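Grab a pencil and work through these exercises with the model open beside you. Try each task on your own before you read its solution.

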Amino acid sequence: MSLIRTDLAVESAEPMRSRLPDGVAVHEEERESVRMTRIEISTEDAAQKLGRACGRYITIELPPLESGVDPADDVTHLAAKELRALLPREGPVLVVGLGNRQMTPDALGPETTRQIFATRHIPAEVARRTGLDGLRPVSALAPGVLGQTGIETGEIIRAVVRDTSPAAVIVIDALAARSLGRLGRTIQIADSGISPGSGVLNSRQELSAQSLGVPVISVGIPTVVDGVTLACDLTGQEDASNIDATAKTMMVTPRDIDAIIARGAKNLSLAINAALQPQLSLEDITYLVS
């Protein structure tokens, strides 16, 4: 039995690239010196074969952390453009950072949300006087995890959505990858929703258009590899039956995870802020959230 797992649609499709199932479309392109892969899953049969929900998945690749090339602006502008295309053109947006801030590999969501430019509370007259008129109403929330609050993350988010009536929800979470080479180097944007905690094998209630009643855009970066997946990948095995049982309880993360989370949170927050407030420059956004 294969226990290979990944949260990345691009990795789920890789074993089938020579003969994709009906209902799966893959398109690769390079924009602004950044490589991007689009995957669209349009049928339930294809969704079952790939283990991903129906929807659109955009994968944007980052260079290695130690690379001397800094593509932050290119990545930010491209991710912002893709996000903007998935969002309703108007209306307030709720940005939710999932995860546990006290567990570094799981802190991507809270660290990103901390850098979101929240504007829902700014009175129109104050915005006009300060030259910030035309801002889209944005609220930001880092609800923590069940073990910290005693409340399901989905329950908190549904209550906030019910009371604030956003036009859409952007959800940020750490993901799991199959390949070590993708850790910290892949941004996935999708309109299919997300299960909180799936990246660290602690999946909770699904957050999707069906469960929240508004479009849900998920954004994530892989920060961990499942122990069994890593063992199978390194040994070339597809059958995990002879893998040590200890591996089944392990999640593996690189030693430079602090830097990966810092860079990932910066890239994602800038992209989300730019997507929501396109009239502001990256310099303006950086100043406003500092």
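Let's begin with strand pairing. Five bridges join strand β4 (residues 93–97) to β6, and the two run parallel. One thing to know before you go on: this is a predicted model, in which local features need pLDDT of at least 70 and side-chain atom pairs count only at pLDDT 80 or more, while totals for chains, interfaces and linings use all residues. Residues are numbered from 1 along each chain as its sequence is written, and side-chain values use heavy atoms, with hydrogens and water left out.

**Exercise 1. Strand β6 and its partners**

Task: Find the residue that is the bridge partner of Val-95 in β6, then find what stands opposite Ile-221 of β8.

Solution:
- Step 1. Get the terms straight: helices (H or I, at least four residues) and strands (E, at least two) are DSSP runs, numbered from the N terminus. Two strands pair if DSSP finds at least two bridges between them.
- Step 2. Start on the β4 side: Val-95 has Ile-170 as its bridge partner in β6.
- Step 3. Now go to strand β8 (residues 216–226), which pairs with β6 in the parallel sense over nine bridges. Opposite Ile-221 stands Ala-174.
- Step 4. Check how covered β6 (residues 168–177) is: ten of its ten residues are buried. Buried means under 20% relative accessible area, exposed means over 50%, and partly exposed is in between (1.4 Å probe, protein chains only).

**Exercise 2. The nonpolar cores**

Task: Work out how many residues the largest nonpolar core has, and which helix gives the most to it.

Solution:
- Step 1. Define the set: a nonpolar core is made of buried Ala, Val, Leu, Ile, Met, Phe, Trp, Tyr and Cys residues joined through side-chain atoms within 4.5 Å.
- Step 2. Count: the largest one has 43 residues, and among those with the most contacts inside it are Ile-60, Val-95, Ile-170 and Ile-272. Helix α10 (residues 257–276) is the top contributor, giving ten residues.
- Step 3. Look for another: a second, separate core has 31 residues, including Ala-13, Leu-50, Tyr-57 and Val-214.
- Step 4. Zoom in on Val-95. Leaving out residues up to four places away in sequence, Val-95 touches Ile-170, Ile-272 and Leu-276, among others. Contact here means heavy atoms within 4.5 Å.
- Step 5. Put it in context: in soluble globular proteins, nonpolar side chains tend to be buried together.

**Exercise 3. A helix, a turn of phi and a hidden threonine**

Task: List the buried residues of helix α9 (residues 227–235), and decide whether Thr-119 is buried or exposed.

Solution:
- Step 1. In α9, Gly-227, Val-228, Thr-229, Leu-230, Ala-231 and Cys-232 are buried. They pack against β8 and β9 (251–252).
- Step 2. Right after α9 comes Gly-236, with a positive phi near 75 degrees.
- Step 3. Most residues other than glycine have a negative phi. Ser-165 is not a glycine, yet its phi is positive, about 50 degrees. You'll find Ser-165 in the loop between α7 (153–164) and β6.
- Step 4. Thr-119 lies in the loop between α4 (108–113) and α5 (124–129). Its relative accessible area is 5%, so Thr-119 is buried.
- Step 5. Beyond its neighbours within four places in sequence, Thr-119 is in contact with Leu-135, Arg-136, Pro-137, Val-138 and Gln-277.

**Exercise 4. Salt bridges**

Task: Say how many salt bridges the structure holds, and sort the partners Arg-38 and Glu-29 by exposure.

Solution:
- Step 1. A salt bridge is a side-chain nitrogen of Lys or Arg within 4 Å of a carboxyl oxygen of Asp or Glu. The structure holds 15 of them.
- Step 2. Arg-38 and Glu-29 form one, with their closest N and O atoms 3.0 Å apart. Arg-38 is partly exposed at 25% relative accessible area, whereas Glu-29, at 18%, counts as buried.
- Step 3. Next, the side chains of Glu-28 and Arg-17 meet at 2.8 Å, N to O. Glu-28 lies in strand β1 (residues 24–31) and Arg-17 in the loop between α1 (9–13) and β1, so this pair ties together parts eleven residues apart in sequence.
- Step 4. Last, Glu-111 bridges to Arg-114 at 3.0 Å between the closest N and O atoms. Glu-111 counts as buried at 19% relative accessibility, but Arg-114 is exposed at 54%.
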